[in-house]
Amino acid sequence: MTDTPYSPTTPEIAGWRKQLAPGIHEAFENFSRAVFTDGALPEKTEQLIAVAVAHVTQCPYCINGHTRLARRSGAGPEEIMEAIWVAAEMRAGGAYAHATLALHAMREAAPDDE
């Protein structure tokens, strides 16, 4: 990702973020470590979920970071791409399912002659 509107996370920026709210920063880091520790799900699965969610939330920092972490935890390129396709289907499925709301609204707003 060389041409992007997103500023890079530098050690200076990361340090400033920590300096501005050190307690919250530490709590978040502890939470993140706890989430991505093997538990009922192995870390590889957790990272694949993170890759999928990162694509739904469209966070380039998360996409890059969790894709790399998924690879380091043993996920292959095919597994990562499949996780991304699952995310794409779920995002599209949300629009499909929510069409029900538009259909009800159209019915309620229909002129009397329809």
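Contact here means heavy atoms within 4.5 Å. The model is predicted.

Start with helix H3, residues 43-57. Its partner in the first packing is helix H5, residues 77-109. Two packed helices are described by the angle between their axes and the distance between the axes. For H3 and H5, the axes come within 8 Å and cross at roughly 45°. Angles under 35 degrees count as roughly parallel and those from 65 to 115 as roughly perpendicular. H3 and H5 are therefore oblique to each other. The crossing of H3 past H5 is right-handed.

Which residues make this contact? From H3 come Lys44, Leu48, Val51, Ala52, His55 and Val56. They meet Glu79, Ile80, Ala83, Ile84, Ala87 and Arg91 in H5. By class, this contact of H3 with H5 has eight nonpolar residues, one polar and three charged.

Now turn to H4, residues 60-72. The axes of H3 and H4 come within 9 Å and cross at roughly 160°. Angles over 145 degrees count as roughly antiparallel. H3 and H4 are therefore roughly antiparallel to each other. H3 passes H4 in a left-handed crossing. On the H3 side, the contact uses Gln47, Ala50, Val51, Ala54 and His55. On the H4 side, Cys62, Ile63, His66, Thr67, Leu69 and Ala70 take part. By class, the contact of H3 with H4 has seven nonpolar and four polar residues, and no charged ones.

Two H3 residues deserve a second look. Val51 and His55 appear in the contact with H4, and Val51 and His55 also appear in the contact with H5.

His66 leads on to the pocket. In H4, His66 is among the residues that meet H3. His66 is also one of the residues nearest the centre of the largest pocket, along with Arg17, Phe28, Glu29 and Ser32. This pocket holds about 600 Å³ of space. Its lining has 15 residues. By class, eight of them are nonpolar, four polar and three charged.

Which helix gives the most to this lining? H2 does, with eight residues. H2 spans residues 22-35. Helices H2 and H4 each supply at least two residues of the lining.

Notes:
Residues numbered from 1 in each chain as written. Predicted model: local features only at pLDDT ≥ 70, side-chain atom pairs only at ≥ 80, totals over all residues. Heavy atoms only, no water. 1 Å grid on protein atoms, 1.4 Å probe; cavity = no way out; pocket = protein on both sides within 12 Å on 5 of 7 lines; lining within 4 Å. Points joined across faces, edges and corners; volume = space filled by probe spheres on them. Helix = DSSP H or I, 4+ residues; strand = E, 2+ residues; numbered from the N terminus. Nonpolar A, V, L, I, M, F, W, Y, C, P; charged D, E, K, R; others polar. Axes fitted to C-alpha atoms, helices over the stretch in contact; angles between N-to-C directions. Left-handed = near helix turned anticlockwise from the far one by under 90°.
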